[in-house]
Amino acid sequence: MLVAAAVCPCPPLLVPEVAAGAAAELDDARAACYDAIGVLAAARPDRLVVVGPASPPGRGAFPGGARGSLAGFGVDVRATLGAGEPADRALPPSLTVGAWLLERTGWRAAPVEGLGVAESLDAGQAATLGRDLAAGTERLALLVLGDGSACRSPRAPGAYDERAAAFDAAAARALGDANTAALAALDAPLAEALHVAGRSAWQLLAGAAEEAGLGGRLLYDSAPYGVGYFVASWS
């Protein structure tokens, strides 16, 4: 059963070494992520699963001890997902950022696993994955990684789209309210058009939390680079 969840963005720029001179711009986002992970630890889970979007090589399950690097983003920052033997394949960037966040907060509350998911999953597929994760009696916590639209400003990675602000506002409201129905109803084709990286992972969370009765709190909501970044805590 799901006992807590943290929702965090996963841009490599969240890591100060990657952001370099711009690192201070995401200080508040990092602090919010640390707070959300603290709530996960306080829930005393039996298992933590880190979920994030991934391209085909990075999809599927990763055991504790899997490692990742952000060398592809200019700085060889490395992070390990909990404890265990190194895995045969590297973590995708989203899970590497998640592992880095856990290391920065000194996570020791429960064993950690990872799950890379396709951004193309439809709402039903994502929800089924979430229900499967939450099945059983063990106390499950989720660290769910993903970004909102990349179309919030003319300098955003995607072309500016006037629909982006409304989509992000709806997503942020649903995440802050722990509203599983609203998350499940997010428009997948629109999310794809807006280059949303977190939609399928958020809908996985919605499936996992359907029967959990959790409350939510939005800790961060901004678009400093024209990309929607949200941090939310569910407990």
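The paragraphs below walk through a predicted model, beginning with its sheet and ending with individual residues.

The sheet is an open one of 7 strands, whose order is β3-β6-β2-β7-β1-β9-β8 and whose pairing is mixed. Its edges are formed by β3 (60–62) and β8, each of which pairs on one side only. On average, and with direction ignored, neighbouring strands of this sheet are turned by 20° against each other. Strands of a sheet pair through backbone hydrogen bonds, and they may do so in parallel or antiparallel fashion. Both kinds of pairing can be followed from β1, which is joined to strand β7 (residues 140–145) by 6 bridges in a parallel arrangement, and to β9 by 3 bridges in an antiparallel one. A reader who wishes to locate these pairings in the coordinates may start from Ala5, whose bridge partner in β7 is Leu142, and then turn to Val7, which stands opposite Ala232 in β9.

On the way to the edge of the sheet, β9 is joined to β8 by 6 bridges, and these two strands run antiparallel. Gly216 stands opposite Trp234 of β9. The two strands form a hairpin with 6 residues between them, and in its turn Gly226 has a positive phi of about 80°.

How many of the 6 residues of β9 are buried? The count is 6 of the 6, so β9 is largely enclosed by the rest of the structure. The side chains can be sorted by direction: Tyr229, Val231 and Ser233 point one way from β9, whereas Phe230, Ala232 and Trp234 point the other way, and all of them are buried.

One of the elements lying against this sheet is helix α5, which packs on it by touching β1, β8 and β9, and whose direction makes about 20° with that of β9. The helix has 14 residues and reaches 20 Å from its first C-alpha to its last, close to the 20 Å expected at 1.5 Å a residue. Its buried residues are Ala164, Phe167, Asp168, Ala171, Ala172, Ala174, Leu175 and Gly176. These buried residues pack against the strands β1 (2–8), β8 (216–222) and β9 (229–234), and also against the helices α6, α7 (188–193) and α8.

Just after α5, Ala178 takes a positive phi of about 50°, a value found here in a residue other than glycine. Ala178 belongs to the loop between α5 (164–177) and α6 (180–184), and because its relative accessibility is 13%, Ala178 counts as buried. A further residue with positive phi, although not a glycine, is Arg44, for which the angle is about 55°. Arg44 is in the loop between α2 and β2 (47–53). Is Arg44 buried or exposed? At 67% relative accessibility, Arg44 counts as exposed.

Val7 offers a view from within the sheet, since this residue of strand β1 is buried, with a relative accessible area of 0%. Leaving aside neighbours within four places in sequence, Val7 is in contact with Val144, Leu175, Trp202, Leu205, Phe230, Val231 and Ala232. The C-alpha atoms of Val7 and Gly176 are separated by 9.6 Å, although these residues are 169 residues apart along the chain.

Ser200, in helix α8 (residues 199–208), is likewise a buried residue, with a relative accessible area of 2%. When residues up to four places away in sequence are not counted, Ser200 touches Val117, Ala118, Glu119, Leu121 and Ala126.

A last point concerns the packing of two helices. The axes of helix α2 (residues 27–42) and helix α3 (residues 93–104) come within 10 Å and cross at roughly 75°. Because angles of 65 to 115 degrees count as roughly perpendicular, α2 and α3 are therefore described as roughly perpendicular to each other. On the side of α2 the contact is made by Arg30, Cys33, Tyr34 and Ile37, and on the side of α3 by Trp100, Leu101, Leu102 and Arg104. Sorted by character, the residues of this contact divide into 6 nonpolar, no polar and 2 charged.

Terms used. Residues numbered from 1 in each chain as written. Predicted model: local features only at pLDDT ≥ 70, side-chain atom pairs only at ≥ 80, totals over all residues. Heavy atoms only, no water. Helix = DSSP H or I, 4+ residues; strand = E, 2+ residues; numbered from the N terminus. Buried < 20%, exposed > 50% of the residue type's maximum accessible area, 1.4 Å probe, protein only. Contact = heavy atoms within 4.5 Å. Axes fitted to C-alpha atoms, helices over the stretch in contact; angles between N-to-C directions. Parallel < 35°, antiparallel > 145°, perpendicular 65-115°, else oblique. Nonpolar A, V, L, I, M, F, W, Y, C, P; charged D, E, K, R; others polar. Expected span 1.5 Å × (residues − 1). Pairing = 2+ DSSP bridges.
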